[in-house]
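Trainee: I'd like to learn how the labels people put on a structure are justified. Could we look at one together?

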Amino acid sequence: MRLIHPAAAGDVDLAQAYAYPDGPCVRVNMVASADGGTWLEGLSGGLSGGGDRRIFGVLRGLADVIVAGAATVRTEGYGPARPRESWRPLREGRPAAPPVAVVTRRLDLDLTGPLFAEAEPDARTIIVTCEAAPRERREEAAGHADVIVAGRDRVDLAAAVKELGERGLGRVLCEGGPKINAQLAAAGLVDELCLTLSPMLIGGDAARVLDGPASLTRLRLAHVLEEEGFLFTRYIRKSR
């Protein structure tokens with residue numbers, strides 16, 4: 001993998017290239033085709049490659065918490081993040097793996113699945129929901145996960161991010177899907193976008209990185225890496 005912007009270089013240290021800034025930060029990580037689609041045959045993995053998977057692992061190792069919408073968790077078959085030997089220097093003083101936080105209004109999750117049953121005690125899965133979620137289901141969920149109630153009729157992502165920060169989980173990695181990304185952007189919460197551009201055209205009806213109401217977040221390009229035709233970009237919000 002080589003650096004092609006802002007200056008050409010090889011042997012990139014990915015942990016250094018993607019190091020979080022000081023303080024809280026919400027980072028969105030996505031992969032998209034050259035024509036903007038974010039899944040192939042229903043899954044993001046069809047767009048990925050070896051370099052993308054390496055960066056995906058580093059981003060998880062750097063994060064305090066991984067955030068994903070319930071639809072993404074179900075479709076992609078999420079389990080808990082598994083500790084990696086390569087994460088040891090990245091996670092000094094923190095649990096060996098970050099917890100996964102699932103955003104869901106209806107709590108339509110398999111609470112007996114691996115994401116909940118196999119999470120490490122110090123990285124227990126988190127459910128982010130709202131007051132409108134069925135009370136009985138919320139009470140059941142509390143037996144399998146830590147539950148954050150943020151918002152009344154729908155999940156208030158600003159309140160959820162604040163609550164995560166108060167729990168010491170300020171370095172947020174959002175893995176989508178596009179609807180959650182759009183809600184974060186509309187709330188002015190996206191600090192960084194790490195976007196892999198896959199060298200393929202797919203057409204079809206796959207959503208873009210943001211799938212929701214119009215919003216504007218101005219970004220500056222921090223770097224571009226390249227490997228086997230894939231481009232790995234990191235954008236940072238201009239106001240930072």
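Mentor: Gladly! This is a predicted model. Let's start with the second largest pocket, which is lined by Gly36, Ala182, Leu193, Arg208, Val209, Leu210, Gly212, Pro213, Ala214 and Ser215.

Trainee: What makes a residue part of that lining?

Mentor: A lining residue has an atom within 4 Å of a pocket point. By class, this lining has six nonpolar, three polar and one charged residues. The volume of the second largest pocket is about 250 Å³.

Trainee: And what is the volume of the largest pocket?

Mentor: About 1,200 Å³. Its lining has 41 residues, and Gly69, Ala71, Thr72, Gly176 and Gly177 lie nearest the centre. Two or more lining residues come from each of β2 (25-33), α2 (50-62), α3 (70-76) and α7 (178-186). The most come from α3, with six residues.

Trainee: How do the lining residues of the largest pocket divide by class?

Mentor: There are 14 nonpolar, 15 polar and twelve charged. Glycine counts as polar in this scheme.

Trainee: How do you know that the length of α2 agrees with that of a helix?

Mentor: Set the expected span against the model. With 13 residues at 1.5 Å a residue, α2 should span 18 Å, and its end C-alpha atoms are 19 Å apart, so the two agree. Several α2 residues are buried, among them Ile55, Val58, Leu59 and Leu62.

Trainee: Why is the pair of phenylalanine 230 and phenylalanine 232 called stacked?

Mentor: Two checks are needed. Ring centres must lie within 6.5 Å to pair, and planes under 30 degrees apart count as stacked. Here the centres are 6.3 Å apart and the planes are at 5°, so the pair is stacked. The structure holds one aromatic pair.

Trainee: What makes phenylalanine 230 count as buried?

Mentor: Buried means under 20% relative accessible area. Phenylalanine 230 has 11%, so it counts as buried. Phenylalanine 232 has 1%, so this residue is buried as well.

Trainee: Let me try valine 67, in strand β3 (residues 65-69). Its relative accessibility is 9%, so valine 67 counts as buried!

Mentor: Well reasoned! The C-alpha atom of valine 67 is separated by 9.1 Å from that of isoleucine 126, although these residues are 59 residues apart along the chain.

Trainee: How do you know that arginine 27 lies over the face of tyrosine 20?

Mentor: The distance cut-off is 6 Å from the ring centre, and the charge must also be within 35 degrees of the ring normal. Arginine 27 is at 4.0 Å from the ring centre of tyrosine 20 and lies over its face.

Note on methods
Residues are numbered from 1 along each chain as its sequence is written. This is a predicted model: local features need pLDDT of at least 70, side-chain atom pairs count only at pLDDT 80 or more; totals for chains, interfaces and linings use all residues. Side-chain values use heavy atoms; hydrogens and water are left out. On a 1 Å grid over the protein atoms alone, a cavity is a set of points where a 1.4 Å probe fits but cannot get out, and a pocket is an open set with protein on both sides within 12 Å along at least five of seven lines; lining residues have an atom within 4 Å of a point. Grid points are joined across faces, edges and corners, and a volume is the space filled by probe spheres set on the points. Helices (H or I, at least four residues) and strands (E, at least two) are DSSP runs, numbered from the N terminus. Rings of Phe, Tyr and Trp (its six-membered ring) pair if their centres lie within 6.5 Å; planes under 30 degrees apart count as stacked, over 60 as edge-to-face and the rest as tilted. Buried means under 20% relative accessible area, exposed over 50%, partly exposed in between (1.4 Å probe, protein chains only). The expected span of a helix is 1.5 Å times one less than its number of residues.
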